[in-house]
Amino acid sequence: MSTVAPGSANDNRIALETPVADPVPQPIQPLPEPMSPARAAIYMASSLLLFLTQGLGMNLLNANIYQLQGSLSATTSEVAWLSAAYIAPYASMSIALFKIRMQYGLRRFAELSIVCFILASVLNLFVSDLHSATVVRFLSGMAAAPLSTLGFLYMLEAFPAARKLSVGLSLALMNTTLSAPIARIISPPLMDLGGWHALYTFEMGLALMALPVVYLLPLTPPPRANVIQKMDILSYLLLATGFGCLAVFLTLGRLYWWFEVPWLGMLLAGSIAALTLMVVLELPRKMPLIDLRWVFSRENMHMAGILLLFRVVSSEQTTTAANFYMQLGLLNDQTQTMYAIILLASIAGGLVCTVLMLTRYVETAHVLALVLIATGAFLDSQSTSLTRPEQMYLSQAMVAAGAAMFLPPVMSKGFATALAKGAPFLVNFLVIFLFTQSIGALVAQAALGTFVTLREKFHSNVLVEHILLTNPFVAQRVSQLSGSYGKVITDKSLLNAEGLQLLGQQVTREANVLAYNDAFLVIAIASATGLVLLLGHLAWQRLIPQTSAAPAVAAQS
């Protein structure tokens, strides 16, 4: 029996052939247990509370912007600065918050966010004039951005992984549509209680209710990583400056008129310069804040086009119809029932979309949404100066249901695509979503508002051409309108002038009604065009597999 000397080559060979003990297996992270129905309901209710807290802060102002002129001693154009100051930081804040959340942890992010929002809500109670209100609204816009993120996270937390991007996302997006009608419903009693301070005391109360929710209901923390680089700070500041200047330009351009004041052009130039410089800095980076090449890919541009179409057609209700009611002299207390119907229709549309998201007929939600919005907008285009909310119950309910059904399928597909590329690509998806939903909403409002103004001037000129005192019908109408002043104005020429002025006011009102009808019709046409393109796209997708399968079948035979 041969022996092997220690340290020889054979010793090495024996050592290599000796079986090595298996490494100690690492413990497998257990999957989170399914949440009980009661606890899931609590998380869903918490999500709704957070969405309402954030959404009402923005929509209470928009619903009462004309009523607040007296409280703040401001004109319509000056009060509009409050909306511009709110949306300027809100348009880009979520992009920075996403990376902050990844690096410093979700728990700290949630707790700090709700505290900052409460502080901003408290500041609203000390507002005394327009200047202080503008500063506070800017701070409120910064503080409100995290709440919408928390609203999404709490809704997604209530569902297992397989349902997060279908049921969870659909219900979360439904919650985003509820704040606008609720703001119109609750505004009259709040304004009667105390104007501005009553509105934002209510907002502060909601924020205080959300505070224990955030501290008592934990969220599943995602893995933390050092994702913030020094260059990210400069890139974000340029992006925030560009989006903020563009938001102010779009919000105020229609009121001050686009070519009348030079500072509007300076805002637009500053926005273009800041965004261009950000692009120049981001393109050469290996780990950019925003992967612009992916953002501007063909698939993402297709998704961005769909999201922009949604903002245009959904503005039929959020801005165009609301401004139409104000033009007719209808206040919030006269439209409460209609907005209650809109609220119920939004919930119904969101629930129907949630059911469709669980099937393979997800695109049916898009088809139904466009059909409902196109039909509702076309019915609204037949309005007259005698139209009242009762005549628009059906059309506005159809638009509300369609708007609630449109967004979830697009968002679900976009989220899935971004997650497939990796968690960092969620920042890039947020850029697309925020630009199309915040800046895109402002673009839609500005374009439709400008369209209404131009069409009103057109219809006014056409109607005024027929107002001649030589026309017996016009003369009779002027006489009827001036008759109420006959006992106090004895001069015949002054009496006729008063009658002509009253007739001119009626002409302006009719011209505005015709202009809004044109806007409703344009939205109906845009929805119908989108529907045709969608049906063509779906038909093409079904045609391609059939044409590609035909040669394969022929080869096998």
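Here are some short exercises on the structure above, each with a worked solution.

The model is predicted, so local features need pLDDT of at least 70 and side-chain atom pairs count only at pLDDT 80 or more, while totals for chains, interfaces and linings use all residues. Residues are numbered from 1 along each chain as its sequence is written, and side-chain values use heavy atoms, with hydrogens and water left out.

**Exercise 1. Get an overview of the protein.**

Start with the secondary structure: how many helices and strands are there in the protein? You'll find 18 helices and 0 strands. These are DSSP runs numbered from the N terminus (helices are H or I, at least four residues; strands are E, at least two).

Next, look at burial. Of the 557 residues, 48% count as buried. The cut-offs are under 20% relative accessible area for buried, over 50% for exposed, and partly exposed in between (1.4 Å probe, protein chains only).

Last, check the contacts, meaning heavy atoms within 4.5 Å. Among contacts between residues at least 6 apart in sequence, 82% join residues at least 24 apart.

**Exercise 2. Sort S271, W257 and L112 by burial.**

Take S271 first, in helix α10 (residues 262-282). Its relative accessibility is 2%, so S271 is buried. Leaving aside neighbours within four places in sequence, S271 touches G242, C245 and L246.

Now try W257, in the loop between α9 (230-256) and α10. With a relative accessible area of 23%, W257 is partly exposed. Its phi is near 70°, a positive value in a residue other than glycine.

Finish with L112, in helix α5 (residues 106-124). Because its relative accessible area is 55%, L112 is exposed. L112 and A143 are 31 residues apart in sequence, yet 9.8 Å apart in space, C-alpha to C-alpha.

**Exercise 3. Explore the nonpolar cores.**

First, the term: a nonpolar core is a set of buried Ala, Val, Leu, Ile, Met, Phe, Trp, Tyr and Cys residues joined through side-chain atoms within 4.5 Å.

Which residues touch the most other members of the largest core? Among its 120 residues, they are L82, L150, Y154, W196, I290 and M411. Helix α4 (residues 76-104) gives the most to this core, with 13 residues. There's also a second, separate core of 19 residues, including L328 and M338.

Zoom in on W196. Leaving aside neighbours within four places in sequence, its contacts include L61, L82, N124 and R137.

**Exercise 4. Describe how α6 packs with α7 and α8.**

Begin with α6 (residues 130-157) and α7 (residues 161-176): their axes come within 9 Å and cross at roughly 140°. Axes are lines fitted to C-alpha atoms, for helices over the stretch in contact, with angles from 0 to 180 degrees between N-to-C directions.

Why are α6 and α7 called oblique? Angles under 35 degrees count as roughly parallel, over 145 as roughly antiparallel, 65 to 115 as roughly perpendicular, and the rest as oblique. The angle of roughly 140° therefore makes the pair oblique.

Then see who meets whom: F152, M155, L156 and E157 in α6 meet α7 residues including K164, G168 and L169.

Now turn to α6 and α8 (residues 179-216). Their axes come within 13 Å and cross at roughly 35°. A133, R137 and Y154 in α6 meet W196, Y200, E203, V213 and V214 in α8.
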